[in-house]
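Here's a quick walk through a protein fold, written for someone who'd rather get to the side chains than wade through jargon. Have the viewer open while you read.

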Amino acid sequence: MHFRSLLAGAAALALLSTPILAAEYLGGAVMSTDIGGQMVLTDANGMTLYIFDKDEPGVSNCYDTCAEKWPPLFADDAAMAEGDFSIVERTDGTRMWAYKDMPLYYWVEDINPGDTTGDGVGGVWHLAVE
């Protein structure tokens, strides 16, 4: 009986010390990852995704120099909307993913998975939080 209690305790401790598995969306192309206690959207490699206050639902307003610093999360031609994820047609003919109609971007200064250095840039860039 004592062994069974020890085993159960060890199993519970292992569960508590293991990170919560991230939810997967779009066939694993987008994940929901716990970063600093928030469920943040990332790509499959763990790179953080952001939203831009100057966008409108279903409309990207980040082009040229902006898009060089904030690359869109592009969607291929065969991609189709799924759940809270939709596709935004950009004026340059490319397509990008949006979450709850807000276009999703990377930040070029995020180097490693889980980096969030783009959060708050210019007061208009924010983590894409689930």
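What follows goes from the overall fold to the sheet, then to a hairpin with its charged pairs, and ends at a loop proline.

**The big picture**

First, keep in mind that this is a predicted model. The protein chain has two helices and eight strands, and reading along the sequence you get α-β-β-β-β-α-β-β-β-β. There are 130 residues in the chain, and 35% of them count as buried. About 7800 Å² of the protein chain is exposed, with carbon and sulfur atoms supplying 58% of that. As for how the chain folds back on itself, take the contacts between residues at least 6 apart in sequence: 54% of these join residues at least 24 apart.

**The three-stranded sheet**

Strands β1, β2 and β3 line up in that order as an open sheet with antiparallel pairing. β1 (23-25) and β3 (38-43) sit at the edges with a single partner strand each, so one side of each has no neighbour in the sheet. From one strand to the next, the twist averages 35°. If you want to trace the pairing by eye, go to β2 (residues 30-35) and β3, which are joined in the antiparallel sense over six bridges. A handy marker here is Thr 33, which stands opposite Val 40 in β3.

**The β5-β6 hairpin**

Now move along to β5 (residues 85-89) and β6 (residues 95-99), an antiparallel pair held by five bridges. Five residues lie between these strands, and Gly 93, in this hairpin, takes a positive phi near 90°.

Which residue stands opposite Arg 95 of β6? That's Glu 89, and Glu 89 also forms a salt bridge with Arg 95. A search of the whole structure turns up two salt bridges, and here they are:

| Salt bridge | Closest N and O atoms |
|---|---|
| Glu 89 with Arg 95 | 3.4 Å |
| Asp 92 with Arg 90 | 3.8 Å |

Why do these pairs make sense in chemical terms? Side chains of opposite charge can pair when their charged atoms come close.

The burial values are worth a look too. Glu 89 has a relative accessible area of 52%, so it counts as exposed, while Arg 95 is buried at 16%. In the other pair, Asp 92 is partly exposed at 47%, and Arg 90 is buried at 6%. The cut-off for buried is under 20% relative accessible area, which is why both 16% and 6% make it under the bar.

Arg 95 has other company besides Glu 89. A polar atom of the Arg 95 side chain lies 2.7 Å from the backbone oxygen of Ala 79. Setting aside neighbours within four places in sequence, Arg 95 is in contact with a list of residues including Phe 74, Ala 75, Asp 76, Asp 77 and Ile 87.

**A proline out in a loop**

Last stop: Pro 113, in the loop between β7 (102-103) and β8 (125-127). Is Pro 113 buried or exposed? Its relative accessibility is 53%, so Pro 113 counts as exposed. Even so, Pro 113 has contacts beyond its neighbours within four places in sequence: Asn 45, Gly 46 and Met 47. Asp 43 makes a nice reference point as well, being 70 residues from Pro 113 in sequence but 9.1 Å away in space, C-alpha to C-alpha.

Note on methods
Residues numbered from 1 in each chain as written. Predicted model: local features only at pLDDT ≥ 70, side-chain atom pairs only at ≥ 80, totals over all residues. Heavy atoms only, no water. Pairing = 2+ DSSP bridges. Helix = DSSP H or I, 4+ residues; strand = E, 2+ residues; numbered from the N terminus. Buried < 20%, exposed > 50% of the residue type's maximum accessible area, 1.4 Å probe, protein only. Contact = heavy atoms within 4.5 Å. Salt bridge = Lys/Arg side-chain N within 4 Å of Asp/Glu carboxyl O. Polar contact = N/O pair within 3.5 Å; in protein donor to acceptor, adjacent residues only side chain to side chain. Areas by Shrake-Rupley, 256 points an atom, 1.4 Å probe, with all protein chains shown as cover. Axes fitted to C-alpha atoms, helices over the stretch in contact; angles between N-to-C directions.
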